[in-house]
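Please open the model in a viewer and keep the sequence panel visible. The tour proceeds by selections, each followed by a description of what is found there.

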Amino acid sequence: QAVGEAGISSLCVTYGKYLLPKVAIRSRAYSSNLRTPCVLSSLLDHCENPELFEIVCHVVEELLLAIDVGSQEWLILILRAMLSFGIAVGKWFPDVKPEEVEYDEDDLDKKAPKPDFVISINNVLMRTKHLLFSSHIPVRLLVLKILDVCLKDLQHFPDDYLPMIHQNWLAVLDCLQEKNLNVRVDAFKVTILKNPNLFLFVIMCALFTLF
């Protein structure tokens, strides 16, 4: 089975180099290419090699530009692709941590450059966070999953992880108060079970707004 999975991943890399640029171009004309996010999702779900990361990021950026246009069906497909991207990043860069920066008295704020995957994950979260307030339940559930996965991708980068918690606490609190049980349960899982820092921040901010 492992040999078979390795073979599939190798095929994804081989053909993905030719396929993904076409997917990126066709994503711009979404009305006649509604299945392009599905192609990206399928490839990411089977690719264990980060060799395609740069090309994949190009497709992701094209899809993010189209996230607020088109039908609910189109949006759901894009969000599934973003979820697959977040999961793939976790597989491709599981142990990457910020580089240490030597002390420089002339530049006390000097920081190491961010890895490209951190920038891409930040972009995904920034472009999807408003959808946590969506009235469409399947959309909210998918975005909660994206938030969960992407926060995990950023866990070793506090300069990105903590601000993203700050930017999402109000939306997560709203999800915790949602009438739909599935939304409440998924929001509960994201905060308490998998991102306790987010849970504590939500509670503190909620108490602050009350008093």
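**First selection: H3 and H4**

In this predicted model, select helix H3 (residues 53-65) together with helix H4 (residues 72-92): their axes come within 11 Å and cross at roughly 150°. H3 and H4 are therefore roughly antiparallel to each other, as an angle over 145 degrees counts as such. The crossing of this pair, H3 and H4, is left-handed.

Next, display the side chains at the contact. On H3, select Phe-53, Val-56, Cys-57, Val-60, Leu-63 and Leu-64. On H4, their counterparts are Trp-74, Ile-78, Ala-81, Met-82, Phe-85, Val-89 and Trp-92. Colouring the contact of H3 with H4 by residue class shows 13 nonpolar residues, with no polar and no charged ones.

**Second selection: H4 and H5**

Keep H4 in view and add helix H5 (residues 116-128). The axes of H4 and H5 come within 11 Å, with a crossing angle of roughly 150°. That angle makes H4 roughly antiparallel to H5. H4 passes H5 in a left-handed crossing.

Which residues make this contact? From H4, select Leu-79, Met-82, Phe-85, Gly-86 and Val-89; from H5, select Phe-117, Ser-120, Ile-121, Val-124 and Thr-128. By class, the contact of H4 with H5 comprises 7 nonpolar and 3 polar residues, and no charged ones. Met-82, Phe-85 and Val-89 of H4 also belong to the contact with H3.

**Third selection: Thr-128**

Now centre the view on Thr-128, which lies in helix H5. Is Thr-128 buried or exposed? Its relative accessibility is 1%, so Thr-128 counts as buried. With neighbours within four places in sequence left aside, Thr-128 is in contact with Ile-67, Leu-79, Val-143 and Ile-146. Leu-79 has already appeared on the H4 side of the contact with H5. Val-143 and Ile-146 lead to the next helix, since both are on the H6 side of the contact with H5.

**Fourth selection: H5 and H6**

Hide H4 and show H5 with helix H6 (residues 137-153). The axes of H5 and H6 come within 10 Å and cross at roughly 155°. H5 and H6 are therefore roughly antiparallel to each other. Their crossing, that of H5 and H6, is left-handed.

The residues to select on H5 are Phe-117, Ile-121, Val-124, Leu-125 and Thr-128. On H6 they are Val-143, Ile-146, Leu-147, Cys-150 and Asp-153. The contact of H5 with H6 divides by class into 8 nonpolar, 1 polar and 1 charged residues.

**Fifth selection: Leu-151**

Remain on H6 and select Leu-151, which lies in that helix. Leu-151 has a relative accessible area of 1% and is therefore buried. For a distance across the fold, pick the C-alpha atoms of Leu-151 and Asn-122: the two residues are 29 apart in sequence and 9.2 Å apart in space.

**Final view: the whole chain**

Restore the complete protein chain, which has 9 helices and 0 strands. Along the sequence, the protein chain follows the pattern α-α-α-α-α-α-α-α-α. Of the 211 residues of the protein chain, 42% count as buried. A surface display corresponds to about 11,900 Å² exposed by the protein chain, 58% of it supplied by carbon and sulfur atoms. Among contacts in the protein chain with a separation of 6 or more, 75% are accounted for by residues 24 or more positions apart.

Notes
Residues numbered from 1 in each chain as written. Predicted model: local features only at pLDDT ≥ 70, side-chain atom pairs only at ≥ 80, totals over all residues. Heavy atoms only, no water. Axes fitted to C-alpha atoms, helices over the stretch in contact; angles between N-to-C directions. Helix = DSSP H or I, 4+ residues; strand = E, 2+ residues; numbered from the N terminus. Parallel < 35°, antiparallel > 145°, perpendicular 65-115°, else oblique. Left-handed = near helix turned anticlockwise from the far one by under 90°. Contact = heavy atoms within 4.5 Å. Nonpolar A, V, L, I, M, F, W, Y, C, P; charged D, E, K, R; others polar. Buried < 20%, exposed > 50% of the residue type's maximum accessible area, 1.4 Å probe, protein only. Areas by Shrake-Rupley, 256 points an atom, 1.4 Å probe, with all protein chains shown as cover.
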